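Work through the exercises below with the model open. Each task is followed by a solution in steps.

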Amino acid sequence: MLLTITSTHQPAGDLGYLLAKHPDRCQTFDLSFGKAHVFYPEVSDARCTAALLLDLDPVGLVRGRRAKGAPTLGQYVNDRPYVASSFFSVAIAEVYRSALGGRSKERPELVDQAIPLQARVEPLPVRGGEPLLRRLFEPLGYEVTATRHGLDASFPDWGESPYFTLELAGTLPLRDLLSHLYVLIPVLDHDKHYWVDKAEVEKLLAKGERWLADHPERDQIARRYLYRQPRLAREAVARLVDEDGVDPDETEEKQARREEKLEEKLSLDEQRRGVVLAALKEAGARRVIDLGCGEGKLVRALLDDTHFQSVAGVDVSPRALEHAERRLKLDRMPALKRERLKLMQGSLTYRDKRFAGYDAACLIEVIEHVDTPRLEPLERVVFEFARPATVVVTTPNREYNVLFEGLPEGRLRHADHRFEWSRAEFRAWAKRVAAVYGYAVRFLPVGDVHPEHGAPTQMGVFTRDGEAR
Ligand code: SAH
């Protein structure tokens, strides 16, 4: 059985340093159950492929086993010497020990760097077929290609075998790729060649440290990895959940809640997103760009709704975008979802071709962050150049501020706000923009409406002339 890992990181030869195996040599390692060979079928500046070939000793396997009772035919005739199973995980751990442990003498800076990698494992027994392969690897951010093999090419009517060639492509640190394979190969096989004891819990927690707690199939992975030891599986899951009890999103949320208590940000924020989503759907928009997406909450809501085929987020702040990537768990996003998403850094006050081609654009709590003299360029970028059929704009209603306790009179809600408009000011601006660029506009309140001061947030929905529904 064979595992090849290809890197197209430049220079590709760095793969040799990361694996601590010289690309010019073919090396052989003696393991208790056979031999492992490492060699490089391909080395150039552009691509480098390292192969790990495991040559199991089928007789040694049987000899090593102290069978209870009479030996069975199954002990002698089985697929173990020929497929990637828990033996293979042991080989990865022994032969690529430093790379799996995240150590590199020569390229320490590359250890945690996400690099473009492809891996191919064959033959891989999969009890659960292609759906299981996808459920295990896609949440980790891989593009998965699974090729199932027939039982025997000469006898096609014998049907399919449980053996696959698995190809993975992704951009991630090599140590993560190795730890995914280390844990998931025996999970797919759902068998272990050795007795599973408490030490296996430690191995699972150590190898899964960077990804397992958040994996949607976490419980099944623990159950299958800790083969036939449900008590240990429960212990592992409990520890994973406990150790990872501090969900970074949750603390962020809490902090945001504290900071934005004034506006009761969470509920108003949610209401705003709800109203925006409804307006987008009503307009029939399927391709949506969120301009000034910040940390990506609307982007996430759009992506979670398959009505929206294509979702883009733009922000001028790289920090906000990093935040968005983390919040969206971009590095682990399934390929199909990832393909619908684009995050880009850019400014709304400069014309940008990438903003065009969407059905709708959103400017949610953004215009008030722009200096008034820069508003006109922003208007042109959005309404003249990008020119989507629908534009949704929200901004605070200054009149409502008197209802916020703890906000001194005349102060704005946020230190970075350049202005906050009354309802009349926002309407005047929106009507002028609509008239200049050929749109119609209607207004909606967001949040609880006060009879005198109106709603905390005001919203304008612009519809390009001739597109009114
Ligand atoms: N729409 C988000 C974020 C609002 S905060 C939400 O509703 O939660 C305003 C965002 O606009 C910030 O992330 C800020 O970085 C971004 N922004 C301000 N001026 C910008 C400009 N000129 N170009 C692009 N983004 C801008």
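Helices are DSSP runs of at least four residues, numbered from the N terminus. The model used throughout is a predicted one.

**Exercise 1. Place Phe 87 in the fold and decide whether Phe 87 is buried or exposed.**

Step 1. The helix that holds Phe 87 is H4, residues 86-95.

Step 2. The cut-off for buried is under 20% relative accessible area. Phe 87 has 4%, so Phe 87 is buried.

Step 3. For a spatial reference, take Leu 31: the C-alpha atoms of Phe 87 and Leu 31 are 9.8 Å apart, with the two positions 56 residues apart in sequence numbering.

**Exercise 2. Count the disulfides, and classify Cys 26 and Cys 293 by accessibility.**

Step 1. The criterion is a pair of cysteine sulfur atoms within 2.5 Å. Applying this rule gives zero disulfides.

Step 2. Cys 26 has a relative accessibility of 56% and is therefore exposed.

Step 3. Cys 293, in contrast, has a relative accessible area of 7% and is buried.

**Exercise 3. Find how many salt bridges the structure holds, and describe the one between Glu 295 and Arg 327.**

Step 1. The total is 33 salt bridges.

Step 2. In the pair Glu 295 and Arg 327, the N to O distance is 2.9 Å.

Step 3. Glu 295 sits in the loop between strand E8 (287-291) and helix H13 (297-303), while Arg 327 belongs to helix H14 (residues 318-327), so the bridge ties together parts 32 residues apart in sequence.

Step 4. The partners fall in two accessibility classes: Glu 295 is partly exposed at 29%, and Arg 327 is buried at 3%.

**Exercise 4. Describe the salt bridges of Arg 432 with Glu 379 and of Asp 416 with Arg 418.**

Step 1. The closest N and O atoms of Arg 432 and Glu 379 are 3.2 Å apart. This pair links distant parts of the chain, with Arg 432 in helix H17 (residues 423-437) and Glu 379 in helix H16 (residues 372-386), 53 residues apart.

Step 2. Arg 432 is partly exposed at 39% relative accessibility, whereas Glu 379 is buried at 2%.

Step 3. For Asp 416 and Arg 418, the closest N and O atoms are 2.8 Å apart. Asp 416 is partly exposed, with 31%, and Arg 418 is partly exposed, with 39%.

**Exercise 5. Which residues are linked with Asp 269 in a network of salt bridges?**

The network joins Asp 269 with Arg 272, Arg 273, Lys 297 and Glu 365.

**Exercise 6. Characterise the surroundings of the ligand: which residues are the closest, and which polar atoms of Asp 315, Val 316 and Ile 364 face the ligand's own polar atoms?**

Step 1. The ligand is surrounded by 13 residues, of which Gly 292, Asp 315, Val 316, Leu 348 and Ile 364 are the closest.

Step 2. Sorted by class, the shell contains five nonpolar, six polar and two charged residues.

Step 3. On the oxygen side, a ligand oxygen atom lies 2.5 Å from a polar side-chain atom of Asp 315.

Step 4. On the nitrogen side, the contacts are with the backbone: a polar backbone atom of Val 316 is 3.2 Å from a ligand nitrogen atom, and one of Ile 364 is 2.8 Å from a ligand nitrogen atom.

Step 5. Taken on its own, the ligand has 570 Å² of accessible area, and the protein covers 78% of this.

Note on methods: Residues are numbered from 1 along each chain as its sequence is written. This is a predicted model: local features need pLDDT of at least 70, side-chain atom pairs count only at pLDDT 80 or more; totals for chains, interfaces and linings use all residues. Side-chain values use heavy atoms; hydrogens and water are left out. Buried means under 20% relative accessible area, exposed over 50%, partly exposed in between (1.4 Å probe, protein chains only). A salt bridge is a side-chain nitrogen of Lys or Arg within 4 Å of a carboxyl oxygen of Asp or Glu. Helices (H or I, at least four residues) and strands (E, at least two) are DSSP runs, numbered from the N terminus. A residue is near a molecule or strand if one of its heavy atoms lies within 4 Å of it. A polar contact is a pair of N or O atoms within 3.5 Å; within protein, one must be able to donate a hydrogen and the other to accept it, and residues adjacent in sequence count only if both atoms are side-chain atoms. Accessible areas come from the Shrake-Rupley method with a 1.4 Å probe; for residues, only the protein chains shown count as cover. Ala, Val, Leu, Ile, Met, Phe, Trp, Tyr, Cys and Pro count as nonpolar, Asp, Glu, Lys and Arg as charged, and the others, Gly among them, as polar.
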